[in-house]
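Okay, thanks for coming, everyone. I've got one structure to walk through today, so let's put it up on the screen.

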Amino acid sequence: MDFDQTQPLRLEPEAVRFHGKGSEYFQIWIVNLLLSIVTLGIYSAWAKVRRLQYFYRNTELAGSTFEYHGQPLTILKGRVVGLLLLLVYRFGFQVSLTVGVLSLLLLAALLPILLRNSLRFRLYNSSYRGLRFRFTGSAAGAYGVFLGGFFGSIFTLYLLAPLFHQLFKEYQHGNSWYGRTRFSFHATTSQFYGIYGRAFLIFLGLVISLSILAGFLFHGLLPHPAAGAKPDIRQLLRFMLPLLLVVYLPTVLLLSAYLGARLQSLIWTNTRLGEHRFEYRLSARRLLWIYVSNFLAVVLTLGFYSPWAAVRLARYHADHMTLLPASPLQGFIADQPQDVGAIGEEAASVFDIDISF
Amino acid sequence: MSAAAYYDGRTARRHEVQVSVESGALLVLGDGIQRREPLSAVRVSERLGQAPRLLSFSDGAHCEVRDHAALEAALAAAGYRQGLVERLQRSWRAAALAVLLCAGAAFIAYRWGIPLAAQLIAARLPPAVSRQLSDSTLQALDKIWLEPTKLDAQRRAALSRGFARLHPPAEGGASATIEFRSSPKLGPNAFALPDGRVVLLDQLVTLAANDDEIYGVLAHELGHVHYHHGMRMLLQGSAVALLLTAWVGDVSTLLATLPAGLLQAHYSRDFEAQADDYAAATLLANGIPPSRLADLLQRLVAQRDGGNKDRGKDQGGNKDSDGEMRSYLSSHPATSERILRLRQADRLLPPPQGWSPGR
């Protein structure tokens, strides 16, 4: 890192770099996949740790890498809990109405806390230059953001979804720390509405034009109910396949590229670490190309391209992130002390859990 | 000796140091740092490609090393042994073998593992579950596809009686009741619910040339009931979808759902064949030639093809693409195979005793 000592105010941006390689990650991925299969999924917790370590250690900022410290057993525990909750959710109503309602209440009571603890686990187990990140979001905040967000969105036909997305990001980024320096979040609700509004218009345009196209191409394929076949998967497929390929697939790919690029750019350009800012400008067009080519390559290789796909995507994301220091970075970083109290407190928590997959 | 960065774990200050291994101890020197730790007290992170390796001390300090060759040589000289997984992760031979084994495991799971697990679970599920599932399925069907039957009570009673009188084959024993419905939308059809009820549509009764054909279809559905096919299909479908999501879900959930349908079609062909065998055995046990079911199937195919031609209006000029699509997805070739198999089963019929084949 070269700083012009005579002009301390001219601060060089620090670019994030990703050095992972598809072929390297493929070797790690396939061996861990086989071990996960052989152990009926149990080893997948160890595989996850390796995956994250590979991506963290290959991410470089100002000459140093990130590191992931999560313990496989904790992740395994989280997966068991996650699986149980999934089963409760999936089969609760099939046992009886009472059990179904009770399981929903249980989920509503537990999920916000579990999600909060997942954020905490992830950040606490991430470090840069030997200092851990931290997450200090409160339980009350988690209920507001997750429960409020869920019900506030579905009962308003998702009109409030952009608002809750903004609130969630404020909760997530605003409660994150590196050393003793806190992150803060400054994107406004109207900026979220702007992006979601444009995405909705794109969605409408795509669905209408692609449906018309599909109608022209495939109107002979619609099912003939008197065909006499069983109402089985084949008949359904004959109807669904053209719709999936011509309408659903392009819509999903285009929208996720647009939303992914615009939202991530908005979120990170409006996140600060202390006084330092980030620059993050993703191109929706470029992201779409990565999504489409990854998708096709994964399909054509029956899934075996996915390590390369993951590396490509990670490189695109990492290489567009730049840290814009507000003061000489070397001094800021060197002075960051580890928040010792936080370590014991969080490591000792019985409810430390990672339910994310 | 290799260049490394040292962090003390209390501040983020980076120290440029040299690390070396000397008589079982790790030596860290430079930039004001001088540290010597027994190698046994240092956690050496496993090598992951060209990513920097970490040498972590118990007090939270660590070294970040990028000079892999030098570090590996020093560690090897000090007797550090790579773990098995660590070695496998760096071998292309192991990767190639793992690809083959993964593909093999996927095939075995798909062909035998999942069906076997579904069979074991389906046979042990409490009846309440399949009852509940059947109720909700029938309710949904009633809402969208089905109408009340237009058969008169006498005809229904006769069919139910005849059906109840059928002897089960030696290995069988599923008993079932008939739910009569009509459905101009679905046409001639019958299907079994997981709890053993069989929905029989008026259109099938009309299409049948004689009651034996109807019993053939009902016996086929009894086969589905006997082998718990409904529940097994549901479980197998969920398992396939779940595994595919785990396989490529991080790329696209759509990618996972699309082939899931195609893969299930194979399961359904297996089940149809098994139910046909059960139907043939039932019909044989009752002195009815299994070809009665084949006759009905043949008429169904003829009606479907004819029906599609009649419906030329909304077909437009797309006949070719339609035909192509159908041969790919539909059960056409499978149906002709089924018909052939059922006709062959006639040979197992005992010589007729007062029963005249020429009705």
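I'll go from the overall layout to the strands, then the helices, and finish on two residues.

Before anything else: this is a predicted model, so keep that in mind as we go.

Let's begin with chain A as a whole. It has twelve helices and ten strands. Of its 357 residues, 32% are buried. And if you take the contacts in chain A with a separation of 6 or more, 68% of them are between residues 24 or more positions apart.

Now, the strands. What do the ten strands build? They make a closed barrel, running β1-β2-β3-β4-β5-β6-β7-β8-β9-β10 in chain A, and the pairing is antiparallel. Going from one strand to its neighbour, the average turn is 30°, if you ignore direction.

Let me zoom in on β5(A), which is residues 131-135. How many of its five residues are buried? Four, so to speak a mostly covered strand. On one side β5(A) pairs with β4(A), residues 126-128, antiparallel and over two bridges. You can pick those partners out by name: Ser127(A) goes with Arg132(A), and Tyr128(A) goes with Leu131(A). The helix to look at here is α4(A), residues 97-124, which packs on the sheet and touches β4, β5 and β6 of chain A. Its direction makes about 170° with that of β5(A).

Back to the link between β4(A) and β5(A) for a second. That's a hairpin with two residues between the strands, and Arg129(A) there has a positive phi, near 55°.

The other pairing of β5(A) I want to show is with β6(A), residues 176-178: antiparallel again, with three bridges. Phe135(A) is bridged to Ser176(A) in that pair. There's a helix over this part as well. Helix α6(A), residues 161-174, lies across β6, β7 and β8 of chain A, and runs at about 170° to β7(A).

Okay, over to a helix pair. α1(A) covers residues 22-38 and α2(A) covers 44-57, and their axes sit 9 Å apart at an angle of about 170°. Because of that angle, the two are roughly antiparallel. Who's in the contact? From α1(A) we have Tyr25(A), Ile28(A), Asn32(A), Leu33(A) and Ser36(A), and facing them from α2(A) are Ser44(A), Trp46(A), Ala47(A), Arg50(A) and Tyr54(A). By type, that's six nonpolar, three polar and one charged.

Staying in α2(A), have a look at Arg57(A). Is Arg57(A) buried or exposed? Buried, because 23 other C-beta atoms lie within 10 Å, and the cut-off is 20 or more. Setting aside neighbours within four places in sequence, Arg57(A) contacts Thr65(A), Phe66(A) and Glu67(A), and also Leu48(B), Ala51(B) and Pro52(B) from chain B. His19(A) is 38 residues away from Arg57(A) along the chain, with 8.8 Å between their C-alpha atoms.

Last one: Leu263(A), which sits in α8(A), residues 233-269. Leu263(A) has 20 C-beta neighbours inside 10 Å, and therefore counts as buried. How far is Leu263(A) from Asn125(A) in space? It's 25 Å, C-alpha to C-alpha, with 138 residues separating the two in sequence.

That's what I have, happy to go back to any of it.

Definitions and conventions. Residues numbered from 1 in each chain as written. Chains lettered and ligands numbered in written order. Predicted model: local features only at pLDDT ≥ 70, side-chain atom pairs only at ≥ 80, totals over all residues. Axes fitted to C-alpha atoms, helices over the stretch in contact; angles between N-to-C directions. Parallel < 35°, antiparallel > 145°, perpendicular 65-115°, else oblique. Contact = placed C-beta atoms within 7 Å. Nonpolar A, V, L, I, M, F, W, Y, C, P; charged D, E, K, R; others polar. Buried ≥ 20, exposed ≤ 12 C-beta atoms within 10 Å, placed from the backbone. Pairing = 2+ DSSP bridges.
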